[in-house]
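Visitor: Could you take me on a close look at one part of this model, the interior and the helices that pack there? I would enjoy one connected account.

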Amino acid sequence: MIRRTGILGILVILLTGLMAVPVKADSVIDSIPAAMTHAFDGRDLRIGRVLARTSSYTRYAITYRSGQFRISGIMNLPRGKGPFPVIVLAHGYIDPEEYVTGQGFRREQDSLARNGYAALHVDYRNHAGSSNDPNNDLSLRLGYAEDVINAALAVRESGLASLDGSRIGLLGSSMGGSVAFNALVMRPGTFDAVVTYASTSTNPIDSFNRWQRSDPRLREAIFARYGNPDIDQTRWARATSSNYFDRITEPVLMFHGTRDESCPIDWARRTKRALDAAGVDATLIEYPGAPHYMYSEWPDSMRRALAFFKAQL
């Protein structure tokens, strides 16, 4: 860790503290049914300072309100008059202590903006300059889906001439894939089309067992709220998006590698079967031998994703 000293270091520490002040939410979404009656309130989208310029787009810092939370992020805005269709980006898991704004989607952000889409990358609560939510892990991170939904609502509410609020897509990767599916069932119709890459399971028990169960303190806190999934799955079922896929109204395109070392291909296949059973317009494209972070397969997947968004938005 780099030690900051002197007046500049003190100012950085103070500003960081001000940017990430904990906020007490008026209501906690801890299940899909709770989200169904929740008043989503995305607003006050602000395009801030310029972070970078290219020949094709300008990269801006952005903030918006997600209920009582202030959410930070970045937006790559294509050059030209617009209005441009918007793709909201839901990133995968990165330790919030190490995460920096806009992290995890640089190649997608670049490609989308070069192809005429405003790429709005959500930092999520507890990340970068966003407000802190102490309940987030205990509510199975359903708050991330709220932030993604509110990003789209903030775009529509903004009235910015450069953004086309009538054409909004969603792209989620890894953990962001399950965030995307949560968003689809929590507030259907928010997005016009959805793409997922190497998504985590749409059954939170799978992710809990793989990544959270080994942490004794977090495990017991989650058990206190949802019960032990080995014994009582009732409350877990209410937080499982695949149980509510019949609410989805948007077409879905999924990419997954068969050798994904982080999110097993079986998770994607189970999700696809559940989507089919619910009558959702869904396509799963498997890349034989591809790992979690696609390399040689990525250009083909991005070409397909761009074609999908062009057809749907």
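Guide: Happily! Contact here means heavy atoms within 4.5 Å. Please keep in mind that this is a predicted model. With that in hand, let us begin at helix H3 (residues 106-114), where the buried residues are Glu 108, Gln 109, Ser 111, Leu 112 and Ala 113. These buried residues of H3 pack against strand E2 (57-66), strand E3 (69-78), strand E4 (84-90), strand E5 (118-122) and helix H10 (298-312). Just after H3, Gly 116 adopts a positive phi of about 90°.

Now for the nonpolar interior. The largest nonpolar core has 63 residues, and those touching the most other members are Leu 45, Val 88, Leu 120, Val 148, Leu 170 and Phe 191. Helix H4 (residues 142-158) supplies the largest share of this core, 10 residues. Another core, of 23 residues, lies apart from it, and Leu 112 is among its members, as are Ile 87, Met 302 and Leu 306.

Let us stay with H4 and see how it meets helix H5 (residues 175-186). The two pack with their axes 8 Å apart, at an angle of about 70°, which makes H4 roughly perpendicular to H5. The crossing of H4 past H5 is right-handed. From H4 come Leu 142, Tyr 144, Ala 145, Glu 146, Val 148 and Ile 149, and they meet Met 175, Val 179, Asn 182, Ala 183 and Met 186 of H5. By type, the residues of this contact are nine nonpolar, one polar and one charged.

Finally, Leu 170 ties some of these names together: beyond its neighbours within four places in sequence, its contacts include Val 88, Val 148, Ala 183, Phe 191 and Phe 309.

Key: Residues are numbered from 1 along each chain as its sequence is written. This is a predicted model: local features need pLDDT of at least 70, side-chain atom pairs count only at pLDDT 80 or more; totals for chains, interfaces and linings use all residues. Side-chain values use heavy atoms; hydrogens and water are left out. A nonpolar core is a set of buried Ala, Val, Leu, Ile, Met, Phe, Trp, Tyr and Cys residues joined through side-chain atoms within 4.5 Å. Buried means under 20% relative accessible area, exposed over 50%, partly exposed in between (1.4 Å probe, protein chains only). Helices (H or I, at least four residues) and strands (E, at least two) are DSSP runs, numbered from the N terminus. Axes are lines fitted to C-alpha atoms, for helices over the stretch in contact, and angles run from 0 to 180 degrees between N-to-C directions. Angles under 35 degrees count as roughly parallel, over 145 as roughly antiparallel, 65 to 115 as roughly perpendicular and the rest as oblique. A crossing is left-handed if the near helix is turned anticlockwise from the far one by less than a right angle, and right-handed if clockwise. Ala, Val, Leu, Ile, Met, Phe, Trp, Tyr, Cys and Pro count as nonpolar, Asp, Glu, Lys and Arg as charged, and the others, Gly among them, as polar.
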